[in-house]
Amino acid sequence: MDSDSLYYSLELVGGSGNNLNVEQRTALQTSLVLLKKNYKFHRVLFWGKILGLKEDYFIAQGRGEDEMQDRKNLYSFNCMDWFLLPPATDSMMEEVSKAAKGRFRGDPSHVYEHRDILRQGEKDEEEVVTKVNEESRLAVTVHHIDDEVSVVPRGAFIRSPHGLVQINRSFGGLSHSEAGKLDNFLHFSQAKNPKKKSILEMGDLNPAVDFLDVLSDDIPKEWDSVLLLPSLGRCIIRRKSAAESASQRVKLRLLFLAHDGSGSFSSVAWILEPSV
């Protein structure tokens, strides 16, 4: 959710019961503006909220000139004071996958431990202890969610001749007929499943727009259908299953809602159900 239209965007997910109170909204509208200025971001998004046992994490994401590569994630407990999350590295992801279990505690300094017994021969044993703090787990979780389930409408972003991914200022949204097709929704992450297309299919593609993976090309087929709600100005993309991801231990049953601002669907938000 872009900080410039935060109040407007929060109404999209209000019907699900996932919302912020007045105090949190007011704090975000002020702090995200300061965050953008202090870190010299091109724009700031309110990424979402991750529930913890003691405290909840509010996540913001700052983006630079390249919308896909120039990203920094920050977290807060009160929507006012923000702390920068470390980038998720391969070694950090491996440690988190081994050690982190259960729900978030709400304490960034909390340390998770995992012990492995390595046998060397018949008698020799060596204990290997993997430790990782919750701040690293939070960084990895945000990275995985962005990488696996961040979705945008086709045409919302373009890639320049220099390779920069930027907002398409001429994008006016999807029409009702276009919003009803999975082909018009793309994963907003590096393309992982390049699909060979026929010459006829290639003729309808625009290299500046069609550089992302299409939801309908996912293997296995994870997205069920698109439900249009014209009266509410929304469409919902449903996932077939709510299987738990081993890497992040949260349910991936997601709702993607696109708002009908002026007769077309454009901005997208999503809801993540915490794993019990």
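Good morning. I begin with strands β1 (residues 43–50) and β2 (residues 57–63), which pair in the antiparallel sense over 7 bridges. Please bear in mind throughout that the model is predicted. The two strands, β1 and β2, form a hairpin, and 6 residues lie between them. Two positions illustrate the register. L45 has Q61 in β2 as its bridge partner, and F46 stands opposite A60 in β2.

How many of the 8 residues of β1 are buried? The count is 7, and the strand is thus described as mostly covered.

Let me now place this hairpin in its sheet. The sheet is open and has 4 strands, in the order β1-β2-β3-β4, with antiparallel pairing. Its edge strands are β1 and β4 (83–84), each of which pairs on one side only. As a general reminder, strands of a sheet pair through backbone hydrogen bonds, either parallel or antiparallel.

Two helices contact this sheet. Helix α4 packs on it and touches β1, β2, β3 and β4, with a direction that makes about 110° with that of β1. Helix α2 (residues 22–39) lies across β1, β2, β3 and β4 as well, and runs at about 135° to β1.

I turn next to the partner of α4 in a helix-helix contact. Helix α3 (residues 90–99) and helix α4 (residues 134–149) pack with their axes 9 Å apart, at an angle of about 105°. Angles of 65 to 115 degrees count as roughly perpendicular, and α3 and α4 are therefore roughly perpendicular to each other. On the α3 side, the contact is made by M92, M93 and V96; on the α4 side, by S136, R137, A139, V140, H143 and H144. By character, the residues of this contact divide into 5 nonpolar, 3 polar and 1 charged.

Which residues of α3 are buried? They are M92, M93, V96 and A99. These residues cover an arc of only 150° around the axis, which puts them on the same side of α3. The general background is that an α-helix has 3.6 residues a turn, so residues three or four places apart point the same way. What covers the buried residues of α3 includes β5 (111–120), β6 (124–133) and α4.

My last local example is a charged residue in a loop. E67 lies between β2 and β3 (71–76). Is E67 buried or exposed? Its relative accessible area is 4%; buried means under 20%, so E67 is buried. Which residues does E67 contact, leaving aside its neighbours within four places in sequence? They are R43, F157, V165, Q166, I167 and F188. In addition, the C-alpha atoms of E67 and H42 are separated by 9.1 Å, with the two residues 25 residues apart along the chain.

I close with the protein as a whole. It has 6 helices and 14 strands. Of its 276 residues, 43% count as buried. Among contacts in the protein with a separation of 6 or more, 54% are between residues 24 or more positions apart. Thank you for your attention.

Terms used. Residues numbered from 1 in each chain as written. Predicted model: local features only at pLDDT ≥ 70, side-chain atom pairs only at ≥ 80, totals over all residues. Heavy atoms only, no water. Axes fitted to C-alpha atoms, helices over the stretch in contact; angles between N-to-C directions. Parallel < 35°, antiparallel > 145°, perpendicular 65-115°, else oblique. Contact = heavy atoms within 4.5 Å. Nonpolar A, V, L, I, M, F, W, Y, C, P; charged D, E, K, R; others polar. Buried < 20%, exposed > 50% of the residue type's maximum accessible area, 1.4 Å probe, protein only. Pairing = 2+ DSSP bridges. Arc of directions from axis to C-beta.
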